[in-house]
Amino acid sequence: MTSSVADRVVAEVDRAVDEIVQFTADLVRIPTVNPPGEAYEECARFLGNHLARAKFDVEYFVAEGRPEHTPRYPRVNIVGSRRGGPGAVVHLNGHFDVVPAGDGWTVDPFGGLVRDGKIYGRGACDMKAGIAAAIFAAEAIERAGVALPGTIEISGTVDEESGGFAGVAWLAEQGRIAKGRTDYVIIPEPLNVDRICVGHRGVYWFEVTTRGRIAHGSMPFLGVSAIDGMARILDAVYAELQPVLATRTTAVPVVPPGARHATINVNGVAGGQPVDGIQTPCVADRCQAVFDRRFLLEEGFDACRQEIVGLVERAVRQIPGVEYDLRDLMIVHPVATPEGSPLVTALDHAILRVLDRPARLVASPGTYDHKHVARIAGVPHCVAYGPGELELAHQPDEWCRIDDLANATKVIALATLDLMGVHAA
Ligand SMILES: [Zn+2]
């Protein structure tokens, strides 16, 4: 792009900073708490009305038939599109659900307070600032009088925090985000303003139930303890598996560094009689535990699961008479943006131009809606890039710096134009 086009777009973002801040604060004041999915429809309409006024075509996608879509908590998604020339279709997606406020706040979590160069509130960082950045990136291009060579789409979706099945997965299943229709997807999640997130590790949640035989607790040798069986499994997880996982390192740039390795966490264990009730002398006949195994792209799901199945089987066999079930609860395959993706190049150039420092490529220790874009929609060119600091997400007194918000807006605007063929000079 000629210098003057980029300069004009950047100048329009600078001129709009108060508006962007106001818009973000207004979004924070809509308490879209998930669970259970409060105020989704109100938030979708707020975004839709704004985009309609900005001359976007607006469509609503209600997740009819999904079990979490109920009359009390409707799952309403919104997509706005602004069509220009026949160039690339760039889709900017933000989830508008937020996690519950929790304790420890010194400000109103839904007050939208602006103070000392920061916007405060639940969702300020994750990721209502990101939605504002997407909308005002498109707006800055329009206000700069740049003829749009392609199509900008902006979606606000639900339930990312609970898996995104009625949100981005739904849009992908409906074909609204799809290979052949959507060229590039940017998800402005808070990954720090100079970092481009190119994917995430895999997730395997599973539940193990051990079963024994009840007997009098004064003669435990007459029964079979399900807790003994579970204890052997936990022993094997800690003594055998964890040290091995710690030696496996991915080439994907996952942050923080500890998450470059494969990991396993025990989410919960329950067995025998409830410990807060009246006690009777009984051998535990049932014990249950849930595990969270994060696996690497290089490991793959099948090998990851086989390893667990073998480990549980060997461990349980140490206690004769214990039986067990292993049930899969959730499987998310790892995703990675293809190397050399034009999307990464465009953001890289825009970050250098706006921030005057090189971008860093990272991958997420958790997961985000990238998985649905890659796996269901089949669109490989997807990244997360947006304002806000990753570490502040879900914390009390969550905030986003106004500087970061403005800079991310500029980066998204310039990268969008770049992807449509308007290259930086
Ligand atoms: Zn998020």
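**View 1. Two buried residues beside the zinc ion.** In this predicted model, H95 and E189 are both buried. Each of them also helps to hold the zinc ion, which is coordinated by H95 through NE2, by D126 through OD and by E189 through two OE entries, at 1.9 to 2.8 Å. Read along the chain, these donors follow the spacing H-x30-D-x62-E. H95 belongs to strand β3 (residues 89-95), while E189 sits in the loop between β7 (184-187) and β8 (195-200), so this pair, 94 residues apart, links distant parts of the chain.

**View 2. The angles around the zinc ion.** What kind of arrangement do the four donor atoms make? It is irregular, because the angles they subtend run from 52 to 145°. For comparison, ideal angles for four tetrahedral donors are 109.5 degrees.

**View 3. Helix α3 and its covered side.** Helix α3 takes in residues 40-53, 14 residues in total, and reaches 20 Å from its first C-alpha to its last, close to the 20 Å expected. Which residues of α3 are buried? They are Y40, C43, A44, L47, G48, H50 and L51. These residues lie on the same side of α3, because they cover an arc of only 165° around the axis. Among the elements that cover them are the helices α2 (17-28) and α4 (124-143), together with the strands β1 (57-62), β2 (76-83) and β6 (151-157). Look past the helix for K55, which follows α3 and has a positive phi near 65°.

**View 4. Helix α10, mostly covered.** Here you can follow residues 402-419, the 18 residues of helix α10, which reaches 26 Å between its first and last C-alpha, close to the 26 Å expected. How many of its residues are buried? The count is 17 of 18, so α10 is mostly covered. Just after the helix comes G421, with a positive phi of about 100°.

**View 5. V9 in the largest nonpolar core.** The largest nonpolar core has 95 residues, and V9, L347 and Y385 touch the most other members. Helix α4 gives this core its largest share, 12 residues. Leaving aside residues up to four places away in sequence, V9 touches A140, I141, A144 and V146, as well as A413, L414 and L417.

**View 6. Another core.** Apart from the largest nonpolar core lies another one, of 30 residues. Good places to start looking are V208, A226, V237 and I264, which are among its members.

Terms used:
Residues numbered from 1 in each chain as written. Predicted model: local features only at pLDDT ≥ 70, side-chain atom pairs only at ≥ 80, totals over all residues. Heavy atoms only, no water. Donors = N, O, S within 2.8 Å, 3.2 Å for Na, K, Ca; no water. Tetrahedral: all angles 85-135°; square planar, octahedral: opposite > 155°, others 65-115°. Helix = DSSP H or I, 4+ residues; strand = E, 2+ residues; numbered from the N terminus. Buried < 20%, exposed > 50% of the residue type's maximum accessible area, 1.4 Å probe, protein only. Expected span 1.5 Å × (residues − 1). Arc of directions from axis to C-beta. Contact = heavy atoms within 4.5 Å. Core = buried A, V, L, I, M, F, W, Y, C linked by side-chain atoms within 4.5 Å.
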